[in-house]
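Colleague: Could you take a close look at one part of this model with me? I would like to hear about the aromatic rings and what lies around them.

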Amino acid sequence: MGTTSATPHGTGSGPDEDRDGRDGCDGRLGRIARSPLGWMLTGAAGVGLVSAVTATGPGPVPVLGAVAAVAVYRSVMRRVARRPAPEVARRGAAREALLGGGTGLGFVLVSALVITAFGGYSFSWAGGGFVSVVTAAVVVQIGAAVTEELLFRGLALQALEQLWGSRAAIVITSLFFGVAHLGAQGASAWSGLAIAVEAGVLLGAAFLWRRSIWFVVGLHFAWNTAEQLLGIPVSGHTSEGLFTVGVHGSALLTGGGFGLEASLVPVLISVALAVPMLVLAHRGGGITTRRRAGH
């Protein structure tokens, strides 16, 4: 908190002016900006703008956009929210990203294997250039994973958590995550609900457990990249992969045109992963039930 200057102000000074002589409205605007909803919206505007400009850019542009988005996030947390941002700390970032990546890769491969075992998927080599296809997928998915996790887990989940606690935050962000994917090709009320449970709850639980953006970025990145390389639509979007996938049988098993996320199989697997993560988060003190003091 600041202290009041002992130097008299000019005519018109009063209790509504701060020590720099600025109108009290600045103070009110500052308090609004520093509130959880204030810094959440400020950060979302900055990160969202970076994503909009760079997400579909050529070559390494999406990766550069991810770097810029992290810089914007750090700046908003430091200058607007006036709080540290250990969730994007460089120390341990590689370890967390690899751990999350292994979790995401296992999640997708097990889900695809189960669906294939029940006759839902068949795969054939697409015949494209291995290096070019993998490089394109990695670059695009890095940009998508970083910006989406900064928006949903870094900003939204943490802001709502400060206001109403962890449980409310994870429910609200999961619902928003599901709604955000309703505009995708092949989307339906079921696919929105499935995404809310798989991605919203699983990624939210992962963040509450690890308290690291890099863990959830790794999970999200490996999930989307593995799907794309297998030739499975990623949330309704079909991109060039290493394989082409044949889809057979019930959409409840395969996810239909929306892709694996609309299958019941990954929904059940995601719940099986999220529950122990939430238990570990609770045991480690990562679950809050009310607004934290000092925020």
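To start with, is Trp209 buried, partly exposed or exposed?

Modeller: Happy to! Please keep in mind that this is a predicted model. Trp209 counts as partly exposed, because its relative accessibility is 29% and the partly exposed class runs between 20% and 50%.

Now for the company that this ring keeps. Trp209 forms an aromatic pair with Phe215; the arrangement is edge-to-face, with 5.6 Å centre to centre and 80° between the planes. Phe215 has a relative accessible area of 0%, so this partner is buried. The pair therefore joins a partly exposed ring to a buried one. Trp209 also has a charged neighbour: Arg210 lies over the face of the Trp209 ring, at 4.9 Å from the ring centre.

Where does this sit in the fold? Helix H7 covers residues 189-210, and it meets helix H5, which covers residues 130-164. The axes of H5 and H7 come within 11 Å and cross at roughly 70°, which means that H5 is roughly perpendicular to H7. On the H5 side, the contact is made by Glu149, Arg153, Leu157, Gln158 and Glu161. On the H7 side, Ala199, Gly200, Leu203, Gly204, Phe207 and Leu208 take part. Sorted by class, the contact of H5 with H7 has 5 nonpolar, 3 polar and 3 charged residues.

For comparison, here are some other rings. The structure holds 6 aromatic pairs. One of them is formed by Tyr121 and Phe123, which are edge-to-face at 6.0 Å centre to centre, with 75° between the planes. Tyr121 is buried, because its relative accessible area is 4%, whereas Phe123 is partly exposed at 32%. Both rings belong to a cluster in which ring pairs link Tyr121, Phe123, Trp125 and Phe243. Another charge over a ring turns up at Trp39: the charged end of Arg83 sits over that ring, 5.8 Å from its centre.

Finally, the wider setting. The protein has 10 helices and 2 strands, and along the sequence they follow the pattern α-α-α-α-β-α-α-α-α-β-α-α. Of its 295 residues, 43% count as buried; Phe215 and Tyr121 are buried too. Among contacts between residues at least 6 apart in sequence, 75% join residues at least 24 apart.

How values were computed
Residues are numbered from 1 along each chain as its sequence is written. This is a predicted model: local features need pLDDT of at least 70, side-chain atom pairs count only at pLDDT 80 or more; totals for chains, interfaces and linings use all residues. Side-chain values use heavy atoms; hydrogens and water are left out. Rings of Phe, Tyr and Trp (its six-membered ring) pair if their centres lie within 6.5 Å; planes under 30 degrees apart count as stacked, over 60 as edge-to-face and the rest as tilted. Buried means under 20% relative accessible area, exposed over 50%, partly exposed in between (1.4 Å probe, protein chains only). A charge sits over a ring if NZ of Lys or CZ of Arg is within 6 Å of the ring centre and within 35 degrees of the ring normal. Axes are lines fitted to C-alpha atoms, for helices over the stretch in contact, and angles run from 0 to 180 degrees between N-to-C directions. Helices (H or I, at least four residues) and strands (E, at least two) are DSSP runs, numbered from the N terminus. Angles under 35 degrees count as roughly parallel, over 145 as roughly antiparallel, 65 to 115 as roughly perpendicular and the rest as oblique. Contact means heavy atoms within 4.5 Å. Ala, Val, Leu, Ile, Met, Phe, Trp, Tyr, Cys and Pro count as nonpolar, Asp, Glu, Lys and Arg as charged, and the others, Gly among them, as polar.
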